[in-house]
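Here's a walk through one chain, from its overall layout down to a handful of single residues. Have the viewer open and follow along.

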Amino acid sequence: MNANVEVTLATDLLQRGHTIQTNVFFRIAHPLIGESDSLAIAPVQPTTAARLVGRLVAVNFGKSFIVQRVVGRDAAGGQVYIKSDLTRNAPTAVPLQTVVGQVTEVRKASCALRLEGRAGRAFGRMVAALSIRLVDREGLPVAIGTARRRFFRSIIKLLFAIQWQVCKRSLSPPHPLAH
């Protein structure tokens, strides 16, 4: 199937209120999402940008989707700023209308991680706040090799590692002696 047709079909399904499941064929939102992971993307109501801060969203760029974290919004609420968690690139402003879905679950071979609920939203906002620290006050990338960059990247990676360990433990079989 043509990529344009797939994006159009996925956008149409999301706009009609359906959740879609898709496989990842490239590295996005690393380290949370990697190649061969599966994502559940639910429709999002483009009425309130404030509720999207910290969430992983699917943005329709015409010929493709991009999945990145919302790290901010403009005062008027017509745009959101998206950014990869570990990159030092400045956030990109996108119109709220292009945000067609939010990632609600990441499924790896070992477990499924739900990104909804109070804990999921708090975690997302925390990662967004740390991720934005990889950009300096003028919107320029923090220099590679600086202690500040290494510190914030390490904290983000540690948070994701803890999150996946908790997910794996929640699926572990009960101990044979436990009743």
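What follows covers the fold, the nonpolar cores, the cavity, the salt bridges and three buried positions.

## The overall layout

First off, this is a predicted model. The chain carries three helices and eight strands. Read from the N terminus, the order of elements is α-β-β-β-β-β-β-β-β-α-α. In other words, one helix comes ahead of the run of strands, and two helices come after it.

The chain has 179 residues, and 40% of them are buried. As for how the chain meets itself, take the contacts between residues at least 6 apart in sequence: 55% of those join residues at least 24 apart.

## The nonpolar cores

Nonpolar side chains in soluble globular proteins tend to be buried together. Here, the largest nonpolar core holds 25 residues, and the ones touching the most other members are Leu32, Ile33, Leu39, Val103 and Val106. Elements contributing two or more residues to this core are helix H1 (3-15), strand S2 (38-43), strand S3 (56-60), S7, H2 and helix H3 (147-170). H3 supplies the largest share, five residues.

Val103 is a handy place to start looking around in this core. Skip its neighbours within four places in sequence, and Val103 is in contact with Leu39, Ala40, Ile41, Leu56, Val67 and Leu115. There's also another core, apart from that one, with ten residues; Val57, Val70, Val80 and Val99 are among them.

## The cavity

How many cavities of 30 Å³ or more does the count come to? Just one cavity passes that mark. Its volume is about 110 Å³. The lining of this cavity takes in 14 residues, with Gly54, Arg55, Leu56, Leu115 and Gly120 lying nearest the centre.

Two elements give two or more residues to the lining: strand S7 (99-107) and helix H2 (117-132). H2 gives the most, with four residues. By residue class, the lining splits into five nonpolar, five polar and four charged. Leu56 turns up twice in this tour: Leu56 is one of the residues nearest the cavity centre, and Leu56 is also a contact of Val103. Leu115 does likewise, lying by the cavity centre and touching Val103.

## The salt-bridge network

The structure has four salt bridges. Which residues are linked in a network of them? They are Glu105, Arg107, Arg114 and Glu116. Start with Glu105, whose side chain meets that of Arg107 in a salt bridge at 3.3 Å, N to O. Glu105 also pairs with Arg114, where the closest N and O atoms are 3.7 Å apart. Arg114 then carries the network on to Glu116, with a salt bridge of 2.5 Å, N to O.

Is Glu105 buried or exposed? Glu105 counts as buried because its relative accessible area is 12%, below the 20% cut-off. Two of the others sit in the middle band: Arg107 is partly exposed at 40% relative accessibility, and Glu116 is partly exposed at 36%.

## Three buried positions

Leu52 belongs to the loop between S2 and S3, and at 3% relative accessibility Leu52 is buried. Beyond the residues up to four places away in sequence, Leu52 touches Val44, Val57, Val70, Leu96, Val99 and Gln102. Three of those partners, Val57, Val70 and Val99, are members of the ten-residue core. Leu52 and Arg125 are 73 residues apart along the chain, with their C-alpha atoms 9.3 Å apart.

Gln68 is in strand S4 (residues 65-73) and is buried too, with a relative accessible area of 15%. Leaving out residues up to four places away in sequence, Gln68 touches Arg55, Leu56, Val57, Ile82, Lys83 and Ser84. Arg55 and Leu56 also appear among the residues nearest the cavity centre. Between the C-alpha atoms of Gln68 and Thr92, 24 residues apart along the chain, there's a separation of 10.0 Å.

Last up is Ser131, in helix H2. Ser131 has 0% relative accessibility and counts as buried. Ile155 is 24 residues away from Ser131 in sequence, and their C-alpha atoms are 9.7 Å apart in space.

Conventions:
Residues numbered from 1 in each chain as written. Predicted model: local features only at pLDDT ≥ 70, side-chain atom pairs only at ≥ 80, totals over all residues. Heavy atoms only, no water. 1 Å grid on protein atoms, 1.4 Å probe; cavity = no way out; pocket = protein on both sides within 12 Å on 5 of 7 lines; lining within 4 Å. Points joined across faces, edges and corners; volume = space filled by probe spheres on them. Nonpolar A, V, L, I, M, F, W, Y, C, P; charged D, E, K, R; others polar. Buried < 20%, exposed > 50% of the residue type's maximum accessible area, 1.4 Å probe, protein only. Core = buried A, V, L, I, M, F, W, Y, C linked by side-chain atoms within 4.5 Å. Contact = heavy atoms within 4.5 Å.
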